[in-house]
Amino acid sequence: MDLTPQQLSQFNGTDPSKPIYLAVKGVIYDVTAGKSFYGPGGAYALFAGKDASRALGKMSKNEEDVCPNIDGLSDKEIDVLNDWVKKFEAKYPVVGRVVVF
């Protein structure tokens, strides 16, 4: 399924009847199984319902870094981001892609 960033934001864990989604490099993962991390009050709740690529690459929990823009990341940060992608691929199902019109 394709979701716009606005549609993705509806899957941020605040509605218990919906799954929790998180995107990395435009790929959306269903992270509901990690609700204690990504749900409300979780350590990574600010990533839920968003593409958190930049923040993951920078290992940042700053709100301004929670975005899909990876321009300007260092080679090391890109490596960190790619490690996160591998972790998500191994642990959570892919449910779609983020699309921007």
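Four strands of this predicted model form an open sheet, and their order across the sheet is E1-E4-E3-E2. The pairing between the strands is mixed. Strand E1, residues 2-3, and strand E2, residues 21-24, stand at the edges. Each of these two has a single partner strand, so one side of each is left without a neighbour in the sheet.

Within the sheet, strand E3 covers residues 27-30 and strand E4 covers residues 94-98. These two strands run antiparallel and are joined by three bridges. Val27 offers an example that the reader may locate in the structure: its bridge partner in E4 is Arg97. A helix also meets the sheet, for helix H4, residues 75-91, lies across E2 and E3. The direction of H4 makes an angle of about 140° with E2.

The backbone deserves attention at two places. Most residues other than glycine have a negative phi. Lys25, although it is not a glycine, has a positive phi of about 55°. This residue lies in the loop between E2 and E3. Lys25 counts as partly exposed because its relative accessibility is 41%, and the range for that class runs between 20% and 50%. Met59 is likewise not a glycine and has a positive phi of about 55°. Its place is the loop between helix H3, residues 53-58, and H4. Met59 has a relative accessible area of 58% and is therefore exposed.

The next topic is the aromatic residues. How many aromatic pairs does a search of the whole structure find? The search finds nine. In one of them, the ring centres of Tyr38 and Phe88 are 6.2 Å apart and the ring planes stand at 45°, so this pair is tilted. The pair links distant parts of the chain, since Tyr38 belongs to helix H2, residues 35-38, while Phe88 belongs to helix H4, 50 residues apart. Are these two residues buried or exposed? Tyr38 is buried, with a relative accessible area of 6%, and Phe88 is buried at 2% relative accessibility. Both residues are members of one aromatic cluster, which also contains Tyr29, Phe37, Tyr44, Phe47, Trp84 and Tyr92.

Two lysines are placed over rings of this cluster. The charged end of Lys61 sits over the ring of Tyr44, at 4.8 Å from the ring centre. Lys87 lies over the face of Trp84, and the distance to the ring centre is 5.0 Å.

Helix H3 holds a further residue of interest, Ala55. With a relative accessibility of 0%, Ala55 counts as buried. Which residues does Ala55 contact, leaving aside its neighbours within four places in sequence? The contacts are Phe47, Ser60, Asp65 and Val66, and Phe47 is also a member of the aromatic cluster. Ala55 and Lys87 are 32 residues apart in sequence, and their C-alpha atoms are 15 Å apart in space.

Finally, a record may be set beside the model. An unreviewed UniProt entry gives the annotation "domain: Cytochrome b5 heme-binding" for residues 3-99. Over residues 3-99, the chain is 32% helix and 14% strand. The C-alpha atoms at the two ends of this stretch are 6 Å apart.

Terms used
Residues are numbered from 1 along each chain as its sequence is written. This is a predicted model: local features need pLDDT of at least 70, side-chain atom pairs count only at pLDDT 80 or more; totals for chains, interfaces and linings use all residues. Side-chain values use heavy atoms; hydrogens and water are left out. Two strands pair if DSSP finds at least two bridges between them. Contact means heavy atoms within 4.5 Å. Axes are lines fitted to C-alpha atoms, for helices over the stretch in contact, and angles run from 0 to 180 degrees between N-to-C directions. Buried means under 20% relative accessible area, exposed over 50%, partly exposed in between (1.4 Å probe, protein chains only). UniProt positions are given in the numbering used here, feature names are shortened, and annotations may be inferred rather than shown by experiment. Rings of Phe, Tyr and Trp (its six-membered ring) pair if their centres lie within 6.5 Å; planes under 30 degrees apart count as stacked, over 60 as edge-to-face and the rest as tilted. A charge sits over a ring if NZ of Lys or CZ of Arg is within 6 Å of the ring centre and within 35 degrees of the ring normal.
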